[in-house]
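Me: Please take a close look at one part of this model, the nonpolar core. Start from a single residue and work outwards.

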Amino acid sequence: KYMLPTTLLYLNDNRITVVGKEDFGSNTQIVLILVLYDGEKFKYFVNKKQGYISVDFSTRIQSLNEKIERVGGVFVDVLKILNVLYYDINNYMPNQIFMESVLYNCPDDLFEENEAYKTFVKIINYLSMHSMREFKSVENPENSIFKDKLCGNSASGFARLLNHLTNMK
């Protein structure tokens, strides 16, 4: 009713994709993932084999708020920079839980209040010299970012981003 007739809706597995050049811009895809809420946790359907994955956003929000309280708003600034660069290099948006988890696991002393550029450079240097194998998911600290299903498969795209940034001349 509110979109132009040229806007298309696609149903793929557990998501609805909205593509409308005239409504949203030429490179915009809106992806809606359907979830259930049982009063305590959100659950989203992955597929027939894996079923539902439970998600408790309260842990994620609490962890991120604690990190931002310790390091300041520069955390959000660097997250935005990484998201834009990730998209520019890979041509798709990263999984936000993965990106938040990467920054969450970076030592607090790398973050300089009101100095997004310096913080960004320090974090890229740190990540290029340290393994992320032991990084914990911000959503579920019991899992590493590579084992948490909610972190998705952004690791290879993030490796391309780091490789691109560390090999620039």
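**Around Leu127**

Reply: Setting aside neighbours within four places in sequence, Leu127 is in contact with Val102, Cys106, Met132, Phe135, Phe158 and Leu162. The model is predicted.

Now the wider setting. Leu127 is one of the residues with the most contacts inside the largest nonpolar core, along with Phe111 and Phe158. That core has 35 residues. Several elements each supply at least two of them: the strands β5 and β6, and the helices α2 (57-71), α3 (74-90), α4 (96-105), α5 (116-129) and α6 (155-166). The most comes from α3, which gives six residues.

The two strands deserve a word. Strand β5 covers residues 42-47 and strand β6 residues 51-55. They run antiparallel, joined by five bridges. Phe42 has Val55 in β6 as its bridge partner. A hairpin of three residues connects β5 to β6.

Back to a contact of Leu127: Cys106. Is Cys106 buried or exposed? Cys106 counts as buried because its relative accessibility is 2%. Cys151 is buried too, with a relative accessible area of 0%.

What keeps Cys151 from a bond with Cys106? The distance does: the sulfur of Cys151 lies 14 Å from that of Cys106, its closest cysteine sulfur, so the two are too far apart for a bond. A disulfide needs the sulfur atoms within 2.5 Å. From the other side, Cys106 has the sulfur of Cys151 as its nearest cysteine sulfur, and Cys106 is in no disulfide. The structure as a whole holds zero disulfides.

Conventions:
Residues numbered from 1 in each chain as written. Predicted model: local features only at pLDDT ≥ 70, side-chain atom pairs only at ≥ 80, totals over all residues. Heavy atoms only, no water. Pairing = 2+ DSSP bridges. Helix = DSSP H or I, 4+ residues; strand = E, 2+ residues; numbered from the N terminus. Core = buried A, V, L, I, M, F, W, Y, C linked by side-chain atoms within 4.5 Å. Buried < 20%, exposed > 50% of the residue type's maximum accessible area, 1.4 Å probe, protein only. Contact = heavy atoms within 4.5 Å.
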